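Q: I would like to learn how to read salt bridges and a helix in a structure, going from the general idea to the case at hand. Could we work through one together?

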Amino acid sequence: MSSSASSLWSRYRSIPIVYRIGTGFVLGSLAGLIGGQPLTALQPIGDLFVRLLKMIIVPIVFFTLLMGARRLTPSTLGRIGGVTVLCYVVTTAIAIVIGLAIGNLVDPGVGLDVVSTDVQTKQAPNIGEVLLGIVPTNPLGAMAEGDILPVIFFTLVFGIALALLQEEFDADTAVHRGVETIFDVVEAGAEAMFKIVWGVMEFGIVGVFALMAATFGTAGVDAIVPYAKLIGALALAVGVHIGLTYLLVIQRGILGESPITFLRGAREAMVTALSIRSSSGTLPVTMSNADENFGIDEEIYSFSLPLGATINMDGTAMYQGVAAIFAANLVGQALTLGEQFTVVVTALLASIGTAGVPGSGLIMLTLVLTQLGLPLEVVGMVAGVDPLLDRLRTMNNVTGDLAVTTLVAHVYNGIDRTASVWSGSSEPAGTPQDD
């Protein structure tokens, strides 16, 4: 490589990866709008990026959660788990209320007519099925299928069993030495997975460009304009929820930190979530941010983030509030306070029952509309622009996962304040630098 080319490559690598991915996002969106349908040919490149991320979800959950379990006891896990779940439920309820408030303010759907459409959605599992599904009948099968909750359950049980063996047997016994060897291998595996994460993210610059070009090449301006108020209402609701709940209340009010500090540490995960529409797919980046940028103890983030990627659906639940107002406006019906409270309760319960189900946003919307007696044709009407709405919802979900994780870590003194974002360094520690 010539000196000029080497210098150019070095300058390129010196740009934080989040800015390079963001550039790919913007350029891909513009290319799709300008180039139109032919740009959908780039979809396989974007799909490859998503597959690479999904490839490392289970290994990174397994390795990091085992490392966290090395320092967890059942009582500690119970305390951390209880606080984490409570925080997720509270932030989800707040998100739905914000969605309803913004929906009432913006009034999306006024002036549109209900169109008879057909959309296929899967049946949402009930709470009993969700709880039973946490316990895998075949742990290896759950890993092979990428079923996160059963993987979390088995890994925690296995990790705590190893930790108990470590305490029970003397250091000079074969069992104790074997457990230490397993944990050492797991630690090396976790570090290797984080290296792979950043390699995948480098490819993600091209992958995100391809995903956005294909998305907007398919949708085009015509598919966006009629639903501009709906998209704008959700974008506003997401901005309010992130700004008010995550930044002002959690970061400034409870942690006493600058909201800008949190955004600097979470930006890679936020951009990735906006690009690929998958909380689970973003999980490797989210966990890397928690570790490298925020300095959160592994036993906390290795539990709270995989759990949040599965059950925390703030953005999706918030969308139910906006969409309920949208549907009511289509038929000229004003929702009463009682009906809007019904939306809060239904969406909150549905967010648990539909956790991890593909197309969960549309399933939740079906449940909410049925409860309110509103036309289900609305589900089909919004299905066409749902990929755009889903990006906003997913970014909100992932941001919430990290915000709640920092809160739980603060409660249990599990944050290293010398980590890059807290210490005020210009770039997070997780940002790849020149070799």
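Q: By about how many helical turns are Arg393 and Asp390 separated in helix α18?

A: This is a predicted model, and what follows should be read in that light. The general idea is to take the spacing in sequence within the helix: Arg393 and Asp390 are three residues apart in α18, so about one helical turn separates them. Their side chains form a salt bridge in which the closest N and O atoms are 3.2 Å apart.

Q: Are Arg393 and Asp390 buried or exposed?

A: Burial is judged from relative accessible area, the cut-off for buried being under 20%. Both Arg393 and Asp390 are buried, and for Asp390 the relative accessible area is 14%.

Q: Which other residue forms a salt bridge with Asp390?

A: Asp390 also pairs with Arg277, with 3.3 Å between the closest N and O atoms. Because Asp390 lies in helix α18 whereas Arg277 lies in the loop between α11 and α12 (279–293), this pair ties together parts that are 113 residues apart in sequence. Arg277 is partly exposed, with a relative accessible area of 33%. To find a network, one looks for salt bridges that share partners, and here such bridges join Arg277, Asp390 and Arg393 into one network.

Q: How many salt bridges are there by this rule, and where does the pair of Glu257 and Arg417 lie in the chain?

A: The rule asks for a side-chain nitrogen of Lys or Arg within 4 Å of a carboxyl oxygen of Asp or Glu, and the count comes to four. One of them is formed by Glu257 and Arg417, whose side chains meet at 2.6 Å, N to O. This pair links distant parts of the chain, 160 residues apart, with Glu257 in the loop between α10 (228–255) and α11 (259–276) and Arg417 in the loop between α18 and α19 (420–423). Glu257 counts as buried at 16% relative accessibility, whereas Arg417, at 33%, counts as partly exposed.

Q: What span should the 26 residues of α18 have, and how far apart are its end C-alpha atoms?

A: The check is to compare the span expected at 1.5 Å a residue with the distance between the ends: for α18 (residues 386–411) the expected span is 38 Å and the end C-alpha atoms are 37 Å apart, which agrees. The helix is followed by Asn413, whose phi is positive, near 50°.

Q: Why is α18 described as largely enclosed by the rest of the structure?

A: Here one counts buried residues along the helix: 23 of the 26 residues of α18 are buried, so the helix is largely enclosed by the rest of the structure.

How values were computed. Residues numbered from 1 in each chain as written. Predicted model: local features only at pLDDT ≥ 70, side-chain atom pairs only at ≥ 80, totals over all residues. Heavy atoms only, no water. Helix = DSSP H or I, 4+ residues; strand = E, 2+ residues; numbered from the N terminus. Expected span 1.5 Å × (residues − 1). Buried < 20%, exposed > 50% of the residue type's maximum accessible area, 1.4 Å probe, protein only.
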